[in-house]
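This report walks through selected side-chain and backbone features of one protein model, grouped by the part of the chain in which they occur.

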Amino acid sequence: MITGRANYAAFDAFTGMEGELLNRPDLVAHDPNLCCAVAGWFWETHRLNDLADRDQLAAITKKLNGGFNGLA
């Protein structure tokens, strides 16, 4: 899951999709391969693996949501 124009634009640039996702963000929801690629890209670019390896759920939640919404 990604939200915001900046994330869609960054993923477009990363993949060379030339604004396709920025113009049609619904593609992510309907294409399983694209959905997995977006998730992997987001996880990697936000360096979440190290936090996950250390079982830092609160830190991951904060990076994903900007706070602790939904942590419970």
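## Helix 6 and the surface beside it

Leu57 lies in helix 6, and in this predicted model the residue counts as exposed, with a relative accessibility of 53%. Together with Phe68 and Leu71, Leu57 forms a nonpolar patch on the surface, and the three residues share about 290 Å² of accessible area.

Thr61 also has its place in helix 6, which covers residues 57-65, but Thr61 is buried, with a relative accessible area of 9%. When neighbours within four places in sequence are left aside, Thr61 is in contact with Gly66, Gly67, Phe68, Asn69 and Leu71. Two of the residues in that list, Phe68 and Leu71, are also named in the nonpolar patch with Leu57, so the buried threonine, at 9% relative accessible area, touches residues that contribute to the surface patch.

## Aromatic pairs

How many aromatic pairs does the structure hold? There are three, and one of them is formed by Phe11 and Trp41, whose ring centres are 5.4 Å apart and whose planes stand at 75°, so that the pair is classed as edge-to-face. The angle supports that class because planes over 60 degrees apart count as edge-to-face.

Phe11 belongs to helix 1 (residues 5-15) and Trp41 to helix 4 (residues 32-45), and the pair therefore ties together parts of the chain that are 30 residues apart in sequence. Phe11 and Trp41 are both buried. Ring pairs also extend beyond these two residues, linking Phe11, Phe14, Trp41 and Phe42 into a cluster.

## Salt bridges

A search of the whole structure finds two salt bridges. In general terms, side chains of opposite charge can pair when their charged atoms come close. One of the bridges joins Asp26 and Arg24, with the closest N and O atoms 3.3 Å apart; this distance satisfies the criterion because a salt bridge requires the nitrogen to be within 4 Å of the carboxyl oxygen. Asp26 is partly exposed at 35% relative accessible area, and Arg24 is likewise partly exposed, at 41%.

The other bridge joins Arg54 and Asp50, and here the closest N and O atoms are 2.9 Å apart. Arg54 counts as partly exposed at 45% relative accessibility, and Asp50 counts as partly exposed with a value of 45%.

Arg24 itself lies in the loop between helix 2 (20-23) and helix 3 (26-30). With respect to the nonpolar patch residue Phe68, Arg24 is 44 residues away in sequence and 29 Å away in space, taken from C-alpha to C-alpha.

## Cysteines

How many disulfides does the structure hold? The number is zero, and Cys35 accordingly takes part in no disulfide, the nearest cysteine sulfur being that of Cys36, 5.5 Å away. Seen from Cys36, the closest cysteine sulfur is the one in Cys35, and at 5.5 Å the two are too far apart for a bond, because a disulfide is a pair of cysteine sulfur atoms within 2.5 Å.

The two cysteines fall into separate accessibility classes, since Cys35 is partly exposed with a relative accessible area of 35%, whereas Cys36 is exposed with a relative accessible area of 55%.

## Positive phi angles in two loops

Most residues other than glycine have a negative phi. Glu18, although it is not a glycine, has a positive phi of about 55°. Its place is in the loop between helix 1 and helix 2, where Glu18 is exposed, with a relative accessible area of 76%.

Asp55 is another non-glycine residue with a positive phi, again of about 55°. Asp55 has its place in the loop between helix 5 (49-53) and helix 6, and at 66% relative accessibility the residue counts as exposed.

How values were computed:
Residues numbered from 1 in each chain as written. Predicted model: local features only at pLDDT ≥ 70, side-chain atom pairs only at ≥ 80, totals over all residues. Heavy atoms only, no water. Salt bridge = Lys/Arg side-chain N within 4 Å of Asp/Glu carboxyl O. Buried < 20%, exposed > 50% of the residue type's maximum accessible area, 1.4 Å probe, protein only. Helix = DSSP H or I, 4+ residues; strand = E, 2+ residues; numbered from the N terminus. Contact = heavy atoms within 4.5 Å. Patch = residues over 30% accessible without salt bridge, like charges linked within 9 Å, V, L, I, M, F, W, Y side chains within 5 Å. Areas by Shrake-Rupley, 256 points an atom, 1.4 Å probe, with all protein chains shown as cover. Phe/Tyr/Trp six-rings, centres within 6.5 Å; stacked < 30°, edge-to-face > 60°.
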